[in-house]
Amino acid sequence: MSHQVVIKNAVKKYGDYKAVNNANLTIQEGELFTLLGPSGCGKTTLLRMIAGFNTIDEGHIAFGDKVINDIPAHKRNIGMVFQNYAIFPHMSVFNNVAYGLKARKVSKSETEKRVIEALQMVQMEEFKDRQPSQLSGGQQQRIALARAIVIHPDVLLMDEPLSNLDAKLRVQMRTIIRKLQKDLKITTIYVTHDQEEALAISDRIAVMKLGVIQQVGTPVEIYKDPKNIFVGDFIGTSNFLKGTVVKRDDEKTVIDVNGKTIDFNMKKACNGEVIITARPEEIILEDVKKGNIIGEVVIGTFLGDFINYEIKLDNEQVIEVNEYTKDVSRIRHTGDKVSVVLVPDKVHVYDGAGEEVLL
Ligand code: ATP
């Protein structure tokens with residue numbers, strides 16, 4: 001049976017440095033939950049704490065209502081898939097998948113049935129007598145997946161499982177993993193540094209930085225409403241514009257952006273310097289009009305259903321704008337002057353440090 005995973009005030013220290021700094025998460029039963037962040041942010045350390053390969057210095061981790069801090073890794077009933085496949089090179093595919101069942105003393109006939117079932121789930125049944133050396137990287141990773149699920153784990157843990165595969169295979173494999181995870185309804189914790197992969201595969205994501213969880217949410221929440229500019233910058237593409245609050249009353253806040261003033265309906269009070277973030281699709285390009293922010297087209301790139309522009313503002317800052325147009329013959333040319341219009345109800349405004357969202 002799958003389990004909820006509860007992480008409460010969990011800390012892992014290496015010397016004085018907290019590689020995981022007071023993590024609090026509840027991963028729901030049957031959920032595919034991703035730990036996402038740049039190299040060194042502590043995601044692997046946290047996963048290894050859940051697996052039992054790292055000790056927990058403070059706080060606790062529970063599967064269901066059972067605290068597992070002191071339960072050794074091999075008794076936690078977890079399935080694990082690693083980046084480097086980690087399948088045994090001297091064993092056939094069948095024996096690789098059967099390994100965990102043998103260790104659990106499952107009968108021969110039951111083992112046979114479950115191994116075939118697991119191989120069918122990853123569409124590898126016909127390869128059961130092959131040696132790993134006769135398999136491609138993608139096939140080896142499917143065997144690793146079959147080996148992890150065959151034991152009917154309470155929790156499935158995956159550490160960058162697609163990083164060694166080429167781009168096309170990565171996309172295919174993430175669909176296989178997602179479907180399998182949904183069919184089996186198995187609580188899964190997935191580690192990646194790849195934001196696109198995280199958005200594609202996850203029910204929810206925790207974004208980490210320097211050991212600290214920055215934000216937890218669905219892919220849409222994290223993309224649409226990043227809590228701080230680190231998250232906004234790490235997930236997707238964003239433009240960051242400096243602004244200064246020039247006037248504030250009950251109705252509106254007027255912010256100077258690049259010498260032009262824009263009215264915002266702020267959620268929170270703010271003063272002084274602010275940072276405005278806008279995704280490339282949250283900016284509109286128009287004909288030059290007095291009073292607007294003016295920019296110049298550096299280059300336009302046709303990308304199918306939209307054109308991506310680099311636009312240089314008159315303070316020399318270069319921003320990215322995506323313009324969706326049916327008529328691609330209307331592509332703007334290098335040197336063209338344009339008005340750059342921010343849509344106040346789409347963009348976000350943060351304090352000057354980029355830590356707190358104000359709009
Ligand atoms: P990557 O994507 O590069 O694997 P990560 O986000 O998974 O990065 P971790 O491997 O969890 O990061 O490492 C988090 C921090 O803890 C890093 O600063 C790392 O140097 C440190 N760290 C990890 N393992 C050890 C260890 N055994 N001894 C000392 N420091 C460690």
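Start by selecting Lys43, Thr44, Thr45, Leu46, Leu47, Met49 and Ile50: these are the buried residues of helix α1 in this predicted model. Now widen the selection to residues 43-51 to see the whole of α1, a mostly covered helix with seven of its nine residues buried. Step just past the end of α1 and click on glycine 52, where phi is positive, at about 100 degrees.

Next, jump along the chain to residues 239-248, which make up strand β11. Add residues 253-257, strand β12, and you'll have an antiparallel pair held by five bridges. Which residue of β12 is the bridge partner of valine 245? Pick isoleucine 255 and you've found that partner. The link between β11 and β12 is four residues, and the two strands form a hairpin.

Keep β12 on screen and add residues 260-264, strand β13. Here too the strands run antiparallel, with five bridges joining β12 to β13. Stay with isoleucine 255 for a moment: in β13, its bridge partner is isoleucine 262. This hairpin has two residues between its strands, so to speak its turn, and asparagine 258 sits there with a positive phi of about 55 degrees.

Finally, zoom out to the protein chain. Colour it by secondary structure and you can look for eight helices and 20 strands. The C-alpha trace spans about 80 × 50 × 35 Å along its principal axes. How much of the chain is buried? Of its 359 residues, 36% are. As for contacts between residues at least 6 apart in sequence, 66% of them join residues at least 24 apart.

Definitions and conventions. Residues are numbered from 1 along each chain as its sequence is written. This is a predicted model: local features need pLDDT of at least 70, side-chain atom pairs count only at pLDDT 80 or more; totals for chains, interfaces and linings use all residues. Two strands pair if DSSP finds at least two bridges between them. A residue is buried if 20 or more other C-beta atoms lie within 10 Å of its own, exposed if 12 or fewer, and partly exposed in between; C-beta atoms are placed from the backbone. Two residues are in contact if their C-beta atoms, placed from the backbone, lie within 7 Å.
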